[in-house]
Amino acid sequence: MEILFLEPVYKDYIWGGQRLKKEFNKETPYDNTAESWEISTNEHGKSKIKNGKFKDRYLSEIFNMIDMREDIFGTKCLNLDKFPLLIKFIDAKKDLSVQVHPDDEYARKYENDSGKVEIWYILDCKPNAKIIYGLKPQVNKSTFEKALRTGNVEKYLNYIDIKKGDVIYVPSGTIHAILADTLICEIQQNSDLTYRVYDWNRVDKNGQPRELNIKKAIDVIKLNTEIKKVESDNEDCQELLNSKYFNVEKIEANGIYTKKSDKKSFNAVNVIAGNGIIHTSDEEYMIKKGDSFIIPSAIGEYTIIGKVKLLYSYI
Ligand code: ZN
């Protein structure tokens, strides 16, 4: 059993910056990089394995090897038709579009895909940073739709404060936008369904406005969503999300930290600070900020040595 280190896929959306290259050791081909899809089997960007016996193969291929499924991905993955997560680093140099994602029921009915809930771990942001989360109270769908059709949207959007280490849960149906100068690790259901409703009247590199999908967005918007935020910037905070879709924990190793793999689920791990070494029973691996990997379910006990901060996602 080997830990599977992953090679990301990069996206140069119009709002990206340089921080993934400069601060997360990413060898991106672009001048400005918006996202690195770190752990992905999604058809719009598949990560590849960069070490060991599966080197250069797609994670999706490994997931489809049914005889390996239980040992690598765990018993909860045995009956899944696709890998359940999609994990990205996001460098928002500029504002992202205002958008919403459908839930599973709507996505299955109209898009033949799964819906999307997502969680944002705020890796860094400027002082007094905000995000858009939901609509202001008392705004109803017809008011909002009218505002979208006339491009007069901003006064209806709800802004909330964020700071480094905050964890924001964004259920499907929640209008949201990541705003400029924010660096995020985003963990989501494996779906790329986004209904963009407002793009700040911008154009793309070809001079065209990006597509909006107002009708579907209005269908799926949920009003008066309660804000779910965890302030995690202290060592004691470990559980970031426990949901029926997936779970996320933050692990801070400082010295020696021993852990055991979980027979029920793989652990998808993102190194968000520091560096160190992982020792398994038959291998050792150097890890550093920006690395992403899968710890197989059957790997057993292992030790993390160093000063390193990790996000662990699993089902
Ligand atoms: Zn989103």
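Biologist: In this predicted model, does F83 count as buried or exposed?

Modeller: Keeping in mind that the model is predicted, we can decide this from the relative accessible area, where a residue under 20% is buried and one over 50% is exposed. The relative accessibility of F83 is 1%, so F83 counts as buried.

Biologist: How is the pair formed by the rings of F73 and F83 classified?

Modeller: A pair of aromatic rings is described by the distance of the centres and the angle of the planes. For F73 and F83 the centres are 5.8 Å apart and the planes stand at 70°, and planes over 60 degrees apart count as edge-to-face. The pair joins F73, in helix 3, to F83, in the loop between helix 3 and strand 5. Because of its angle, the pair of F73 and F83 is edge-to-face.

Biologist: And what kind of pair do the rings of F83 and F266 make?

Modeller: F266 lies in the loop between strand 16 and strand 17, 183 residues apart from F83, so that this pair links distant parts of the chain. The ring centres of F83 and F266 are 4.9 Å apart, with the planes at 40°. Planes under 30 degrees apart would count as stacked and those over 60 as edge-to-face, and therefore the pair of F83 and F266 is tilted.

Biologist: Where does the largest nonpolar core lie with respect to domain 1 and domain 2?

Modeller: This core has 39 residues, and F73, F83, F266 and I294 are among those with the most contacts inside it. I294, for example, touches L59, F83 and F266, among others. Since domain 1 (4–231) and domain 2 (237–314) both give residues to the core, it lies between them.

Biologist: Why are the buried residues F144, A147 and L148 placed on the same side of helix 5?

Modeller: An α-helix has 3.6 residues a turn, so residues three or four places apart point the same way. In helix 5, which spans residues 141–150, the residues F144, A147 and L148 are buried, and the face turned away from this buried side carries the exposed residues K146, R149 and T150. The three buried residues are on the same side because they cover an arc around the axis of only 100°.

Biologist: Which helix do the buried residues of helix 5 pack against?

Modeller: Their partners include three strands, namely strand 8, strand 9 and strand 13. Besides these strands, the buried residues of helix 5 pack against residues 214–220, which form helix 6.

Key: Residues numbered from 1 in each chain as written. Predicted model: local features only at pLDDT ≥ 70, side-chain atom pairs only at ≥ 80, totals over all residues. Heavy atoms only, no water. Phe/Tyr/Trp six-rings, centres within 6.5 Å; stacked < 30°, edge-to-face > 60°. Helix = DSSP H or I, 4+ residues; strand = E, 2+ residues; numbered from the N terminus. Buried < 20%, exposed > 50% of the residue type's maximum accessible area, 1.4 Å probe, protein only. Core = buried A, V, L, I, M, F, W, Y, C linked by side-chain atoms within 4.5 Å. Domains from an automatic or database assignment. Contact = heavy atoms within 4.5 Å. Arc of directions from axis to C-beta.
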